[in-house]
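Hi,

Here is the structure I promised to pass on. Have a look at it first, and my notes on what turned up follow below.

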Amino acid sequence: MSQSNYPFRSIETKWQKIWSKNKTFKVRVSKNKPKYYCLEMFPYPSGKIHMGHVRNYTIGDVIARFKKMQGFNVLHPMGFDSFGQPAENAAIKNRTHPKIWTEKCIFWMRKELKELGFSYDWERELSTHLSDYYRWNQWIFLKLFKKNLAYKKKEEVNWCPDCETTLANEEVLDGKCWRCKSEVIQKELEQWFIKITSYKERLLEDLDKLKNWPAQVITMQRNWLGKSEGVEVYFKEKERGFTISVFTTRVDTIFGVTYLVLAPEHPLIKEIIKGRPQEKEVLEFIERIKNKPKSIRLSEGLKKEGIFSGGFAINPVNNEEIPIWIADYVLMEYGTGAIMAVPSHDQRDFLFAKEHNLQLKIVIQNPQNPVSDPKELKEAYEGDGIQVNSAQFDGLSNQEAKEKIANWIEEKGMGKRASYWRLRDWLISRQRYWGTPIPIIYCDRCGIVSVPEKDLPVRLPSKVSISGRGGSPLNYVKSFVQTKCPKCKGSARRETDTMATFFDSSWYFLRFCSPHYEKSPFNKKEVSFWMPVDQYIGGIEHAVLHLLYSRFFTKFLKDLGLVDFDEPFQRLLTQGMVLKDGEVMSKSRGNIVDPDSIVKRYGADTLRLYILFAAPPQVEMDWSEKGIEGAFRFLNRLWRLLDYVGKNKNKLSKDLEKSMHRAIKEVTEDIESFKLNTAISHIMEFLNSIYQNLNYDITKATETIVLLISVFCPHIASEMWQRLGFKKDLFKESWPRFDPFLLKEEKITYIIQINGKLRSKIEVDVNINEEELKEIVLSDPKVKRWIQDRPLKRFIHVPRRLVNLVI
């Protein structure tokens, strides 16, 4: 018999041991069933799991268990993204080795994940810091190197002079080093890059194939790739006559240019300022700005700095003389490193012009609010309108003028149509210890030499001193640095940079298909069977870089003939964050809710149920103690059904039978469409129906609700299933099916009110949605007679009872 509170501790421990012993979720390639690959983004092992992890992995677990019960052969793996800067910083802080720290964190995270009952095939677990994984990072790098897609060049990096090390953008706080608070400067270093730009067109075009990705993510990827189509216009420097090429997507505003702005790094600046009174001041300005992190230069809200170069350019379309400025907000990385400023029609230019008292000129008139005097402008007008002050193009709409002005500029040789991309090649060098060693050797005689594949992996040395200062710790490990050249066998030195951890996570989903394969990064046959991933789940913060790099790797590996598909992830869900009191949980705010403490107090199933019921998966959820208590009460109420099963010899009531089939239909459809919170709501309604029918036999209904709740709360469901007398593991059972005939016959009568007075009644299908209901109500003859031509102000719908039309 059940107890007043179900014994979640003993139940959860029991079933976790059974699943582990029986290898319930172990999976193999088998063509007897359709495959389904469900994957959540694997975690960085930071110590303990947080509520964001719980939400992400519970969503994935529901889908994995659901598909398994639907008859799919489900691959649902887990591993750890275990290289990276945070482990190195933690090791310095805690005076330990990054490997010891990382593996301790993995131990705790694995333990907590198992305690939550996730259906992972733990035999496929991988960790990227182990050499049996990162040797294949090195193998892939060598393939890229061989195809001239991995190369070395000088690049500016964030550099802390005090710590003598590079910093990631997120480690630069208000222009200072996060560790020692010194001013961060920009420093040129030889760095390794991956030529992702060679794949830019494919990366852009294939976004159209991703029909089951959130529109927001697709937009973010398009913007990151940043293909801009416009016109490259040739401005002439007034005195010396050399050309300054400027790229613009707004050629319709070219008659309104009042100044040019060059990036401080622009190669023509020295020519422009040579011999001018401003030369020294400009050079000092450039030196100061070049040391400013680019993330700060581009930050919105910060005042933009600039200086007049002393030179002038000629606008080719009207021969007007315009000043040439240099400013921090223009970078060489985009376009030509020079922009034409049209302050009347670009807000950033408008603010800069107001700050430096530069001219404004209106060339597109706002049809709704015409302004002829630029002095009257309170802000730039960036919308569509009619061309003015634009010579022969006056009177045209600006969209029509764009095409005609571009044609005219090309005909006159003043410029050409061009495309520019925001995407830049991928910098993978890190002057860190805790990462994959780059498999390159430098020889004075032979130059840059790749490590032979037979010598992989190049292992990370374990004996190393890590202080966070003085660049890469590998520089000081002689046994690692000193080596022999593979070509001439002479003395040589190893590359001491390690790879960015995005490299590790750009193909891990392929390794999961055959994690113990030793002949190549993965077994082609197994990858061909499992890939692409059917459902990928992770945070929106990874919408650009991780997903873009994974897409790039897949296309590159396809070009090598290792995979036979273009895109790695068929369907993507980005789950919302878990908040507390409207704020992101963090140690500094003191508002963290520890999952382990909740599991100890209420059990894993309660936490799983609450975190999915509180909000739709795609949106943020705010943590509530009342909510977790409510979930616990529901599970206890479910548990008490065992007291009533088999107690009444009356047959299953017709009402309960219909409720049961309705619940199966609604829960199935909601899980398929990721409406997990409403799926749980339907289960709760079904439980109410069961309790309302205790005078009848509830055995079949109880068995059904246990099956429906099992994907959300697997421990309590498994225990109840066993106590109901079933010998077979619950997760070897099939997902229940509803009888459409039973539901088809269900009709309900709606009362139709107009301004609160009864005017008609209609009979409709019980499962009708509001849109369909509204259409039927408004087409009802009695309703039409009362409404006539009067506009409908509100459509008030009380489900399964009435509709009130307010006119």
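**Starting at Thr253**

Setting aside neighbours within four places in sequence, Thr253 is in contact with Met340, Val342, His345, Val363 and Ile364, where contact means heavy atoms within 4.5 Å. Before I go on: this is a predicted model, in which local features need pLDDT of at least 70, side-chain atom pairs count only at pLDDT 80 or more, and totals for chains, interfaces and linings use all residues. Residues are numbered from 1 along each chain as its sequence is written, and side-chain values use heavy atoms, with hydrogens and water left out.

Back to Thr253, which sits in the loop between β9 (243-248) and β10 (259-262). Helices (H or I, at least four residues) and strands (E, at least two) are DSSP runs, numbered from the N terminus. Thr253 is buried, with a relative accessible area of 3%. For that term, buried means under 20% relative accessible area, exposed over 50%, and partly exposed in between (1.4 Å probe, protein chains only). The side chain of Thr253 also reaches the backbone oxygen of Arg250 at 2.7 Å.

**The whole protein**

The protein has 27 helices and 32 strands, and its C-alpha trace spans about 105 × 85 × 50 Å along the principal axes. Of the 807 residues, 55% are buried. Among contacts between residues at least 6 apart in sequence, 72% join residues at least 24 apart.

**Strand β12 and its partners**

Following on from the Thr253 loop, β10 runs parallel to β12, and three bridges join them. Two strands count as paired if DSSP finds at least two bridges between them. In this pair, Leu260 stands opposite Ile324 in β12. Strand β11 (residues 306-314) runs antiparallel to β12, joined by six bridges, and here Phe312 stands opposite Pro323 in β12. β11 and β12 form a hairpin with six residues between them, and Asn319 in the turn has a positive phi of about 60°. Because six of the seven residues of β12 (residues 321-327) are buried, this strand is largely enclosed by the rest of the structure.

**Two open sheets**

One open sheet has four strands in the order β2-β1-β24-β25, with parallel pairing. Its edge strands are β2 (73-75) and β25 (572-575), each pairing on one side only. The twist averages 20° from one strand to the next; angles run from 0 to 180 degrees between N-to-C directions, and axes are lines fitted to C-alpha atoms, for helices over the stretch in contact. Strand β1 (residues 35-40) pairs with β2 in the parallel sense over three bridges, and Lys35 stands opposite Asn73 in β2.

Another open sheet, also of four strands, has the order β4-β3-β7-β17 and antiparallel pairing. The edges here are β4 (165-167) and β17 (426-427), each of which pairs on one side only. Between them, β3 (residues 150-160) and β7 (residues 185-194) pair in the antiparallel sense over ten bridges. In that pair, Lys154 stands opposite Glu190 in β7.

**Helices**

Helix α18 (residues 595-602) and helix α19 (residues 604-613) pack at an angle of about 115°, with their axes 7 Å apart. Pro595, Ile598, Val599 and Tyr602 of α18 meet Ala604, Thr606 and Leu607 of α19 in this contact. By class, the contact has six nonpolar residues, one polar and no charged. (Ala, Val, Leu, Ile, Met, Phe, Trp, Tyr, Cys and Pro count as nonpolar, Asp, Glu, Lys and Arg as charged, and the others, Gly among them, as polar.)

In helix α3 (residues 85-94), the buried residues are Gln85, Ala87, Glu88, Asn89, Ala90 and Ala91. What covers them includes α4 (98-115). Arg95 follows α3 and has a positive phi, near 55°.

**Cysteines**

How many disulfides does a search of the whole structure find? Zero, taking a disulfide as a pair of cysteine sulfur atoms within 2.5 Å. For Cys513, the nearest cysteine sulfur is that of Cys38, 13 Å away, and Cys513 is buried with a relative accessible area of 0%. For Cys713, the nearest cysteine sulfur is again that of Cys38, this time 17 Å away. Cys713 is buried as well, with a relative accessible area of 0%.

Over to you!

Note on methods. Polar contact = N/O pair within 3.5 Å; in protein donor to acceptor, adjacent residues only side chain to side chain.
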